[in-house]
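The following exercises concern one structure. Please attempt each task before reading its solution.

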Amino acid sequence: MKISFWGVRGSIPSPASAQEIKSKIKRILRGASGVDLEDRAAVDDFVDSLPPLLAGVAGGNSACVELRIHDSHFIFDAGSGIRPLGQRLMQQEFSEGKGTAHIFLGHTHWDHIMGFPFFAPAYVPGNQIHFYSCFDDLEERIADQHDPRHFPVPLDAMAADKHFHTLVPDEPHEIAGATVFPFPMFHPGKSFGYRVEHDGRVFVYASDTEFKTTREEDTMYLENADLLVLDTMYTFEEALSKTDWGHCSPFIGVDIALAEKVKKLALFHHEPTYDDRKLERLLEKTIRYKEKMDPESALEIILAIEGQTVSL
Amino acid sequence: MRGGDTVIFLEGVINERTELNGIFKDIDTGTLIINLKGVTRINSCGVRDWVNAAKPLAGKFRIIYEHCSRAIVEQLNMIVNFLNSGTIVSFYAPYYCDACEAEHEMLLDIAQHFTDSADSDEPEAPDFDCPQCGKTMEFNEDEDKYLSFLTE
């Protein structure tokens, strides 16, 4: 299994501002004091040694995560991040109309579907686009976005073959060689997470969710996940003041991950107002929290960063 | 009851499996004292459920948190305003006796032990003598970090 992050933000795409980029440049230059940067190789080495959020950005695209299982393409959510994913896929069989994509939607809030009109493979005849969700009106929900009042290209004009599948929550579904369990989560208007099992590996995508209750029956689908991508949008303190908003926090994520013996937790669906410095500090604080709660646990915590790939 | 005030003793682990909703039900008192000496562990799920259970109490009566255990202090230092529904009056801190090679948890009273550093950004832990040998003990935690909740 290979998981790639194409969009990690929640609510609305939020690219780094010029001010934020300038601030990073200043930090880098201060850190370069005394470093020999005379030749290109030295410059490359120095830049490669920088932390990911200093040399790059967490990313501004909204939710989209790709799971590759051999030649199968699973895509979780179609936020604005699906656009660059589509561009990458067009460098492969999708440009010839020979591609098949499986798109899983947890819910249809705007930030999770806004990228689909810009998904290039959907415009190529011959490509097969399979949509999966637990909503029996998914086609209508997607088509609404293409209403001419909102977008100039109707859904029907996207030439790829589109198939809409309604999944039953809490039931296993065999899809493209993997077993997929959709499970209900707490989010305004309802949302569903996905547990994907293949060849002894487990990937869980859980966004958007508040995990309002964290009893075992609410978290059991996360058990023994090799990678859990979890909506941890707000700091713990901010989440306390946003009860019922439908989003979780990193500390709660750690508690759940420890209880369910998750191996790796990816903090995801970043709040658009959190700049990269805040995300860095949030990650550090979350790791310290985990060390306090269970220093013996091997749970690894990462920040979902656009462009990052995790192999299981 | 303690002189007309209601005292609740909480013990054990407070986490996502703990039922907190019924704890404050039917309490009719001027001041509610919550003794946290026996809390051995509390995670963020427990903190969240605690904050939500305590919310309806705001304005109903005065809440005092006493004898906060080390587990509680750790969360106080991780989570801003964790117990801002009430007033913290005392907490436990670890001290180490070199002579006995033993650690002892000592009870610190905020009004008594931190009066001098009340307005300071760097409160200082008081000295304690070993309850076994009488020698002066060392504060056995990073003082700045362990006492940081006092400066919030």
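**Exercise 1.** Determine in which sense β1(B) and β2(B) pair, and over how many bridges.

*Solution.* Step 1. In this predicted model, the strands β1(B) and β2(B) run in the parallel sense, and their pairing extends over 8 bridges. Step 2. As a specific point along this pair, B:Gly12 stands opposite B:Val39, a residue of β2(B). Step 3. The wider setting is an open sheet of 4 strands in chain B, ordered β1-β2-β3-β4 with parallel pairing. Step 4. Each edge strand pairs on one side only; the edge strands are β1 (6-14) and β4 (87-88) of chain B.

**Exercise 2.** Describe the succession of elements in chain B from the N terminus on.

*Solution.* Step 1. Chain B contains 4 helices and 7 strands. Step 2. Read from the N terminus, they follow the order β-β-α-β-α-β-β-β-α-β-α.

**Exercise 3.** Decide what the radius of gyration of chain B indicates when set against that of a compact globule.

*Solution.* Step 1. For 152 residues, a compact globule would be expected to have a radius of gyration near 15 Å. Step 2. The value for chain B is 16 Å, which agrees with that expectation. Step 3. Along the principal axes, the C-alpha atoms of chain B fill a box of roughly 50 × 35 × 30 Å. Step 4. Among the contacts in chain B with a separation of 6 or more, 68% join residues 24 or more positions apart. Step 5. Of the 152 residues of this chain, 29% count as buried.

**Exercise 4.** Identify which residues of the largest nonpolar core touch the most other members.

*Solution.* Step 1. In general, nonpolar side chains of soluble globular proteins tend to be buried together. Step 2. The largest nonpolar core here has 116 residues, and A:Ile75, A:Phe203, A:Leu228 and A:Val229 touch the most other members. Step 3. Strand β2 (residues 31-42) of chain B gives the most to this core, namely 6 residues. Step 4. Beyond its neighbours within four places in sequence, A:Ile75 has contacts that include A:Cys64, A:Ile82, A:Leu85 and A:Phe104.

**Exercise 5.** Characterise the side of chain A that touches chain B.

*Solution.* Step 1. The contact involves 12 residues of chain A and 12 residues of chain B. Step 2. On chain A, α7 (236-240), α8 (250-259) and α9 (276-293) each supply at least two residues. Step 3. α8(A) gives the most, with 4 residues. Step 4. This side of chain A divides into 7 nonpolar, 1 polar and 4 charged residues.

Note on methods: Residues are numbered from 1 along each chain as its sequence is written. Chains are lettered from A and ligands numbered from 1 in the order in which they are written. This is a predicted model: local features need pLDDT of at least 70, side-chain atom pairs count only at pLDDT 80 or more; totals for chains, interfaces and linings use all residues. A nonpolar core is a set of buried Ala, Val, Leu, Ile, Met, Phe, Trp, Tyr and Cys residues joined through C-beta atoms within 7 Å. A residue is buried if 20 or more other C-beta atoms lie within 10 Å of its own, exposed if 12 or fewer, and partly exposed in between; C-beta atoms are placed from the backbone. Two residues are in contact if their C-beta atoms, placed from the backbone, lie within 7 Å. Ala, Val, Leu, Ile, Met, Phe, Trp, Tyr, Cys and Pro count as nonpolar, Asp, Glu, Lys and Arg as charged, and the others, Gly among them, as polar. The radius of gyration is taken over C-alpha atoms; the globule rule is 2.2 Å times the number of residues to the power 0.38. Two strands pair if DSSP finds at least two bridges between them.
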